[in-house]
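The exercises below concern strand pairing, helix packing and exposure in one model. Work through each task with the structure open, then read the solution.

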Amino acid sequence: MPDGSQPWLSGPTWDPSTPAPAPQPPAPPVDPSWPPAPPGHPAPQHGAAWGGPAVPSAHGWIPEQAARHFAPPHGPHGGGQTPPPAHAWAPGPDGAQGVPPHADAWGGPDGAPAHGWVPQQAAGHFAPPHGPHEGSQTPPPAHAWAPGPVPPQAGPWDGTAVPSHPAHLPGGAASDAASAPGSAEAPWQHAPGGPHAPAPHTGAPGPRGADGHRTVPAPRRPDHDVRGPGRPGVPGTEAPGAAQPSGPVGPAAPAGSAVPPARRGDGGRGSRRQGAAEPGRARAAGRTDAAGPARARTARGGGQAAARSRRSEEGRQRRWGRVVKAVGFCASVTAAGMLLLRGNEAVAALAARPAPTPRATVAPVEAPDPGSVVQIVAHPDDDLYFMNPDLRYSLLTGHPVTTVYLTSGEADGVNAVEAKQATTPPNKPAYAEARQNGIRAAYAQMATGDRTSAWKRTAVPTKGGGQAELDVLVAKPQVQLVWLQLREAGSVYDYAPDSLHGLWDDKVPRLESMLASGSPVKQRFSYGREQLVRTLVGLLEQYRPTTVRSQDPTPGRFPDTKRYTDHQDHFYGARFVQAALAAYAKDAKDRPHFAVQNYLGYFNGSLPSALDPAEAKEKLDILGVYAWLDKQNHCGSTAGCGDLKVADHPEGNHWTSTVNYARGTGTSWLTSDQAYGLWAFKVLDGQVAVWHRAGLLGGWSGPRLLPGTGMDPGISTVTLPGGRIAAFGTRTSLGARAADYRREVVYAVQKAPGSEEFGEWQSLGTPEAADENWTSDISGPAVSVDGGGQLALYVRDGASTLRGRVQQANGSWGPWEQYGGTDLHGTPVTATDGAGRRMVFASTTKTVTGWAQPQPGAPLGRATATGLPDTTLPLTAEGREGGVRLWFRKPGSGNVRTALVTADGGLKVNHLTDLGGLQGFGSVTASGHVLAGRTAGGQLGSDLGPSRPWARSELMFVGAPSSTMTGRTMVSLAVLGLDARLYVTSSADEANARLAPWQPVGPRNTAP
């Protein structure tokens, strides 16, 4: 932490961007950088704790229920033996040709790959494994199959778990005794490297052998092409024992080809050292000797003939080993990275589509990086009122958090309850100190449970030429406070030139400091507009955030009085943050990507409560610490230990019972294409970042930043007729003058279906005439295509009504239309029903208002009251069940509700249902059977169907989650973590499905 001997620009001793060590097989540790879970929630464990029972593999995680669709794993390693390296093939679905693992799965300690284990109940659906290696026997040679790490519960094939990993498939079936008709089948055995013949997959478990191990039919050998003759997209077979080149696959094997036996599991080395001949194998195309006849022929040869036969056989085996070794190596390198988080998704489409060429890899399963959070607010207490409980969640889980206060919040200088304000003399420096004391106590309470936990306070220089106070919590040095101590406006609405508002508007050339008494900063200073921006840029360079929390820069005005709906310091301070972030993104080269989250301010008090009673009480209790309710002098300051102005009403205007995001509440930023590919669109560094997974089995690429800066959080996507994807959002232009500030709707269209190239951003303007009218208060866009192929977008304007534009048949756009409605808030949503009619919905403070087309292609109908009860702000809409289904939260509860809206004979609401949940707040995403949203504690919660309990992940994230159907039978789900990194998972859309554990996409976020 900084101290007197440490220069400010050298930074704190902790580095939020330092990547934590990645898990290493065979026993991956929990990532030490992952913080502890909140009280009452278990800490994340490697693998299963991320989403319930699942199957890890080198390329991703397979939900337990999907494991039955996949080809055979090799048997577990018993005891403590070392797994061999993965110079090997990956088994494909249904026992067919598989896909070689990507290159990064080859390594690990002693060459051990990062493979994993399939739960026992899925084992019966796999083609045969090889038998377990007992004791501490010698591992097989490098060209043999590669098992995954040994889990704690690893047992035999019919035990609690079986290994699942992409590996080289030995072609032997079982021992000759097992393969003989009518004999009891022995456990499947490991075979050394060599040619391996394919065998059909029966899809059913075999009987148990004498040792209790389950036996199943032998696998076919995998290769590059997953398409076989006869059925498009279905793997075929190959000539048994044929040496395969690294290029196209050879001809299919004739029907009835025999399967050569496998050797018993000694790893291959012991038998050769003893000079024993291996049981008969297929040594060339068409050779089908069975184990029993092979041994009979060897016995009849006798003497020298037998010796020559053994030497000849061993020579052939060595040659075959070299051939297969080369083939496996070439094939693995060629197809490196093809599988990632694909196990369950392959079920949906592999039988109908060939695997596309990979282009990127997904990182192995690992705990999320905690990232680094920087909050910038106007006054002491803005973070407690408007950013909590997100702030408390971050502190509880150990995330590095730095909060920057732009002003001292000195107000009139009177620190007293209402009854004593008239008799208390004003003292602005002392009141500023009291507010600082209250903030330090509140943060210490949230982070350590002790409001008196010590802080180290120092004065540090800023990039703008002034000084700031830096406070570091000694017990948790990743928690820091930075006080810029500028003068506040002193009025919520009335214009005050000596303020952030006046400085932004160039009404004053400089804004003076207001130093708190007791501050280590002693020298007064002032900032011009550009100096304040540079000061904030310097702090961003210092802390290198991955998430920036800020207030709402466009809060709007009340329609009747035209007064701002928020404090002028709040939103003009947020505009300075926008300017600093734009400069930081442009000029700072060695930095991580960052995401931005904006929060509503005063207007929260006019909206339904978003928090459940327990969360609201936690938030209120922290405000009680800040307000110094007990009056005990725990801080040892004559100025006071908190803000007595709020002591009479620490809840403010119902602010402690709610929280709302001002932007980024849409849930359509993840979408799929016609080739089962996935596309994710989020805003990083003020630009739209795109992640892409090519096809069902392709690799992920991204994040790739599309050209164009100034993008606001929140992107909506829609698939156009013909298959191209269009991305819509809003863009802020700061301009050279204050009057040039402008927020407008923009969109970009994919150049061709499946292409990673997008056209330039095109402006659709704004329904607002000037920033001064409504502070550029428009919502993010909601977009949809009706049944006639007509594209339209809708926004809420500053007057709280619905506005929209419709694309014409020639590709041009019509004017901004007025669709009415009153008291609309948040971002509208839109979807089409079973008849192709577009519906639009928007929240009010009392209910939900809706609009519907009478038929596709027709103008939107009039605003209609749905009759729904009041809801919290964000809505989610999806066309299903013939109508449009809405999801939203119950006020004061956090529970998720849903209702089906139909348009026949006017808008009608059907079957309002409470789905429960894990409290929480914010947007809910829904696709297929999957429902997900933020829970109490800040993590993502998910509901996978009726009568299933809600599950909580350990993943904390920015903004809203998003989900989409991949084909007709698979659901994909994504969030952007606090480390500004994309995390994805998926689930089969079926009863008793489970989510696969979350996978991060791409490298850790340390630099662009």
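**Exercise 1.** Which residue of E16 stands opposite Lys682?

Solution. The model is predicted: local features need pLDDT of at least 70, side-chain atom pairs count only at pLDDT 80 or more, and totals for chains, interfaces and linings use all residues. Residues are numbered from 1 along each chain as its sequence is written, and side-chain values use heavy atoms, with hydrogens and water left out.

Step 1. Strands (E, at least two residues) and helices (H or I, at least four) are DSSP runs, numbered from the N terminus. Two strands pair if DSSP finds at least two bridges between them.
Step 2. E15 and strand E16 (residues 687–693) run antiparallel and are joined by 7 bridges.
Step 3. The residue of E16 opposite Lys682 is Ala689.
Step 4. The two strands form a hairpin with 2 residues between them, and Asp685 in this turn has a positive phi of about 60°.

**Exercise 2.** Describe the pairing of E15 with E14, and explain why E15 is largely enclosed by the rest of the structure.

Solution.
Step 1. Strand E14 (residues 670–672) pairs with E15 in the antiparallel sense over 3 bridges, with Ser672 opposite Leu678.
Step 2. This hairpin has 5 residues between its strands, and Tyr676 in the turn has a positive phi of about 65°.
Step 3. Buried means under 20% relative accessible area, exposed over 50%, and partly exposed in between (1.4 Å probe, protein chains only). One face of E15 carries Leu678, Ala680, Lys682 and Leu684, the other Trp679, Phe681 and Val683, and all are buried.
Step 4. Because 7 of the 7 residues of strand E15 (residues 678–684) are buried, the strand is largely enclosed by the rest of the structure.

**Exercise 3.** Classify the crossing of H11 and H12 by angle and hand, and characterise the residues of the contact.

Solution.
Step 1. The axes of helix H11 (residues 529–543) and helix H12 (residues 568–587) come within 8 Å and cross at roughly 60°. This makes H11 oblique to H12. Axes are lines fitted to C-alpha atoms, for helices over the stretch in contact, and angles run from 0 to 180 degrees between N-to-C directions. Angles under 35 degrees count as roughly parallel, over 145 as roughly antiparallel, 65 to 115 as roughly perpendicular, and the rest as oblique.
Step 2. The crossing of H11 and H12 is right-handed (the near helix is turned clockwise from the far one by less than a right angle).
Step 3. Contact means heavy atoms within 4.5 Å. Residues making the contact include Leu532, Leu536 and Leu540 of H11 and Phe576, Ala580 and Tyr584 of H12.
Step 4. The residues of this contact divide into 12 nonpolar, no polar and 2 charged. Ala, Val, Leu, Ile, Met, Phe, Trp, Tyr, Cys and Pro count as nonpolar, Asp, Glu, Lys and Arg as charged, and the others, Gly among them, as polar.

**Exercise 4.** Which strands stand at the edges of the open sheet E30-E31-E32-E33?

Solution.
Step 1. The 4 strands of this sheet pair in the antiparallel sense.
Step 2. Strand E30 (876–880) and strand E33 (908–916) stand at the edges; each has a single partner strand, so one side of each lacks a neighbour in the sheet.
Step 3. E30 pairs with strand E31 (residues 883–889) over 5 bridges, and Glu878 stands opposite Arg885.

**Exercise 5.** Is Pro509 buried or exposed?

Solution.
Step 1. Pro509 is in the loop between helix H10 (500–504) and strand E10 (511–512).
Step 2. Its relative accessibility is 70%, so Pro509 counts as exposed.
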